Each structure stands twice: as C-alpha cells, then as structure tokens.
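Hi,

Here is the structure I promised to pass on. Have a look at it first, and then read my notes underneath.

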Amino acid sequence: MIDLRELRDDPERVRASQQARGEDPGVVDVVLSADERYRAALAGFESARAEQKAFGKKVAQAQGEQKQALLAEVKDLAARVKALEAEAGQAEQERESALRRIGNVVKDGVPVGGEDDYVVLEEVGTPRDFAAEGFAPRDHLELGELHHAIDTARGAKVSGARFYYLMGLGARLEHALMAFAQHVAQEEGFVPVVPPTLVRPEAMAGAGFLDAHADEVYRLEADDLYLTGTSEVALAGLHADEILDLSAGSLRYAATSTCYRREAGSYGKDTRGIFRVHQFTKTEMFVYCRVEDAEAEHANLLRVERRILDALELPYRVIDVAAGDLGGPAARKYDCEAWIPTQGAYRELTSTSNCTTYQARRLGTRERDPNGSGTRTVATLNGTALTSTRPIIALLENHQQADGSVVVPEALQPYLGGSKVLRPPHA
RNA sequence: GGAGGCGUCGCCUAGUCUGGUCUAUGGCGCCCGCCUGCUAAGCGGGUUUGGGGUUUAGAGCCCCAUCGAGGGUUCAAAUCCCUCCGCCUCCGCCA
C-alpha cells in the first residue's frame, strides 16, 4: 500500500507511475474523492461524539427527574453519532480499497512498458558454442534421466502435472545448492531462518500476494491458511505490527523453504522437465531497512545474487525489469537470467525487488523516526539467493560434456562430497 | 480433541464481580531538568499508538479513537453479552 499522504501531496506522480505500469491512473482520483468524503464525515462524527461525551458526564451527576430529562434529550444525539460514524467508516473503506489497488510508485529510471521492455544492464560470461565443440547439448530432462536424477513421469503419477521427483544426484544437487546459498548468505551477514510455509490471510495479503496474482496461490479452505509461494511472505510477516530498532543497521534474513505455486494460466508454457513446477525449494534473502538505505540494500542484494551465479560459473545477464512487469509491491526489480543452451535463451534464475515502504505499511512495520518524534514505516527488500530447480537445469545444461557427464563448479564441490565431475550411472 | 484460567499505554501492575467521579492506578525502566568534588541517592517534569483540525511547514494547541481483534447491549463499556485470535494449566492422542 502506498502512502496516502504522498498521494495527497503529489497525485500527479502516482498517476504517472500507474501509467508507466500500464494500469489505471483514475484510481488516484477515486482515492482522493473518498478521502475528502471521509474527512468531512469524520469531522462531523468527532464533534458529535465530543458533545455526547460531555453529556455523559452531566447524566452521571444528575439525579431523578433531571436525569430522565437529560436521557430523553441525548437519545437522538446517540443515533446521530452512530450514523455519522458509519458514514465515515464507509468512506474510509472505499478509500482503502482504492488505495490498495494502486501499485508501488516506480523508481525514476525504471523502464516504461511491459514484459518485453526490460533493459539489459550487463551480460556476464559467454554461452558455450556446442557446435564448435562437436556435439549437440542434451536438455536438462534428458540429462536428468540419464543420471537418474529427475523423474517427472512418476511425479505426475503421484501428484499430477508439474510435479517431479529429484532422486540420487538430483536430490544431492538440491541439498548442495541450498547449503551453498545459506553459507554465502551467512557470510554476507544474513540470519538463517526456517520459516512457516502455511500463513494466515493477513500475512499473505500484507506481502501483496492476494492482489493481482491471488489465483497463483494455494489455499487450504478448511483452515483458512495459504501455502506460501516464497518465504518472502513469512519473512515480511515476521515483524508485522512491530516497531523495529534499526539504529544498529538493517535486519537481514535468509530463509530456506519449500515454495508452492499454482502456475495458473501458464498451461502449455514450459511444460517439459522441471522449469516451471508447482513445488520447489528456495533460499530467499529479506531485508528491513530505513527508507534512505533501501537503494543501497537493493544494490547489495544484487551483488550477493551475482556472487552466487558467478560461483556457479553460469553465463547470465542482469535486467532492469520494466514497470508493467514489476508486480504491485516492487518499485524496482532486477532479474538475473541464466543462459539455457537448449532454449537458446536467458531465463530468470534469481530476482531482487525493492518494495520501499509498500509491504511494511500494510504490515505495520515501523521504526522510531530518527529525524524527529513519532514513528515511520520501514522499507523492505527481497532477493533470491538460489532456488532448487532452475539452477539445476542451468548447471546440468551448461556444464555437460559430450558423454553426458557434468562438470561441477569448484564452489559447489565441497557440497557434493568433493566430486569434480558427475558421471551417469552406466556411462 | 476435552476442561479451566488469562490478555490493561516498553516491562510488571490497580481497576472488571457491583457500567458513569477512568482524562486508566502505582512501581520499574527510559528521557529532560534541578541539586551535587565524581558517581549514586534525592526532587520536579515527561514517557501507547493512530487519525482529524489549526499552521506556508514544523513546533505548539484543540479534538476523536485506542484496555488482544471484531461485533452487540446502553444515554454511557476496560467493566455486561457474542464471535474470533493468542498465551498458560490439566486430561486425552501423537510423530
């Protein structure tokens, strides 16, 4: 949720942001008119209420007949107070629901437009030329089956499409990647976390996952709980309704958890293998900081993500995601996309968003205002350290050899029992 | 799953039975000031959060809400009733 005060002070900026996102700038005016009605009604309610309270004191002191007379007199005042309160409440609700429909105000410099209007900030490494090496690369599923590492057929038998078993090497790779990601995150000062993956509606809504992409989320009807698609949700909720002390610096967490996504509306997209699945594992970084530190923290998250991808020796590029593809809570987002040889394309592996005060405002996460009295909303940011499935794809495909074996990047070797090369069982 | 108890402005706590004098008591902690070789003690003041109004803005001042959350009863609710959430104790069950 954006700051109502900022919207009142500079509605044009919010309209421009909505425009850049390709969303309706008219909501801004819906908020403004509801806000005006709210304030008018509130003033009426408050003065009536003050009158009623003063009356209450007189009633308390009065006796007998005099008291009865006062009671008769104040009765319709009570009714008026009730009506005015309801009126203010309704206007407030209209204001809030319109306000919630507005995405975070995008940062200056964010590319305008939709999914394809990203700007490439940097390309790192060079994709291998398999033709020059004299063999055609196998895709990740072929390699996974060769190594008895990935079983999508049995995943479908047991759970349905987009489920899979990781076995043997596949399972070891997932564990290795998560352990590596946690080690790096801890070295970088992130507190390791094992979060809940079932959360209440307030946590899900607070993190911003029930707005545009509500149908992406698994819901447990019987218990009114949601399965989280990322530990960002639990980490954002961690400090809900708290006043944080950030005087010693930002709070940085790294949580590893299973993630669940319905992938609704992606039928026919990335159906082969484990590129787009309903369940995977992810180590997610999350930062609480002062607003003025948010951009530096964002740069830091990107740096850590790049450190990890560099260590995995994958060719990748960094893109500045366009406004229309940001998602509601983010004011800016960088994606790191790894080269997938058999797709001949860069695909998203990790992603980091600066949500400024958008999530924290809704979740009630504040700090003492260092510039004066009172409290103010903190900023939150998130970034993927690593997931399980897509990095496995990227590693298998990019580091494969003609005989189907896979070279292990040095940084990952300690997590795989020191193996330098992974060989298929019967090769 | 069953039975019972509890939730008050950082922490502890009075108030709830018997609705109005609660503008929520007191202590601790913290902040400011006074006093003082230094420190401590002592003395005085301040110390929930959100919103509205006033204001160029801030400070200040005025007002409203806030006693776990939401509803209800009432002229009036921390106090009575209902629902929900959380914590604790006991019983049952169970990795």
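The largest cavity holds about 50 Å³ of space. This is a predicted model, by the way, so please read everything below in that light. With a threshold of 30 Å³ or more, the structure has 1 cavity. Two elements each give two or more residues to the lining of the largest cavity: helix H13 (389–398) and strand E17 (406–407). Going through the lining by name, you will find Leu173, Leu395, Leu396, Val406, Val407, Val408, Pro409, Leu412, Leu416 and Leu422. By class, that makes 10 nonpolar residues, with no polar and no charged ones.

Now for the RNA, which is probably what you will want to look at on screen. There are 25 residues around RNA strand B, and the ones that come nearest are Arg49, Arg200, Arg366, Arg368 and Thr375. Sorted by class, the surface near the strand has 13 charged, 9 nonpolar and 3 polar residues.

Which part of the RNA do the protein's neighbours belong to, sugar or phosphate, or bases? Taking the atoms of RNA strand B within 4 Å of the protein, 75% belong to sugar or phosphate, and bases make up the rest.

Where does that surface come from? Helix H3 (27–61) is among the elements that supply at least two residues each, along with helix H1 (4–9), helix H4 (64–100) and strand E14 (365–368). H3 gives the most, with 13 residues.

A few polar contacts to RNA strand B are worth zooming in on:

- Arginine 49: an N or O atom of the side chain is 2.3 Å from a phosphate oxygen.
- Arginine 39: here too a side-chain N or O atom faces a phosphate oxygen, at 3.3 Å.
- Tyrosine 38: a polar side-chain atom lies 3.5 Å from a sugar or linking oxygen.

Last item, a small sheet. It is open and has 3 strands in the order E5-E7-E6, with antiparallel pairing. Strand E5 (198–199) and strand E6 (218–220) stand at the edges with a single partner strand each, so one side of each has no neighbour in the sheet. E5 and strand E7 (residues 225–227) run antiparallel and are joined by 2 bridges. If you want a spot to check that pairing by eye, find valine 199, which stands opposite tyrosine 226 in E7.

Shout if anything is unclear.

Cheers

Methods
Residues are numbered from 1 along each chain as its sequence is written. Chains are lettered from A and ligands numbered from 1 in the order in which they are written. This is a predicted model: local features need pLDDT of at least 70, side-chain atom pairs count only at pLDDT 80 or more; totals for chains, interfaces and linings use all residues. Side-chain values use heavy atoms; hydrogens and water are left out. A residue is near a molecule or strand if one of its heavy atoms lies within 4 Å of it. A polar contact is a pair of N or O atoms within 3.5 Å; within protein, one must be able to donate a hydrogen and the other to accept it, and residues adjacent in sequence count only if both atoms are side-chain atoms. Helices (H or I, at least four residues) and strands (E, at least two) are DSSP runs, numbered from the N terminus. Ala, Val, Leu, Ile, Met, Phe, Trp, Tyr, Cys and Pro count as nonpolar, Asp, Glu, Lys and Arg as charged, and the others, Gly among them, as polar. Two strands pair if DSSP finds at least two bridges between them. On a 1 Å grid over the protein atoms alone, a cavity is a set of points where a 1.4 Å probe fits but cannot get out, and a pocket is an open set with protein on both sides within 12 Å along at least five of seven lines; lining residues have an atom within 4 Å of a point. Grid points are joined across faces, edges and corners, and a volume is the space filled by probe spheres set on the points.
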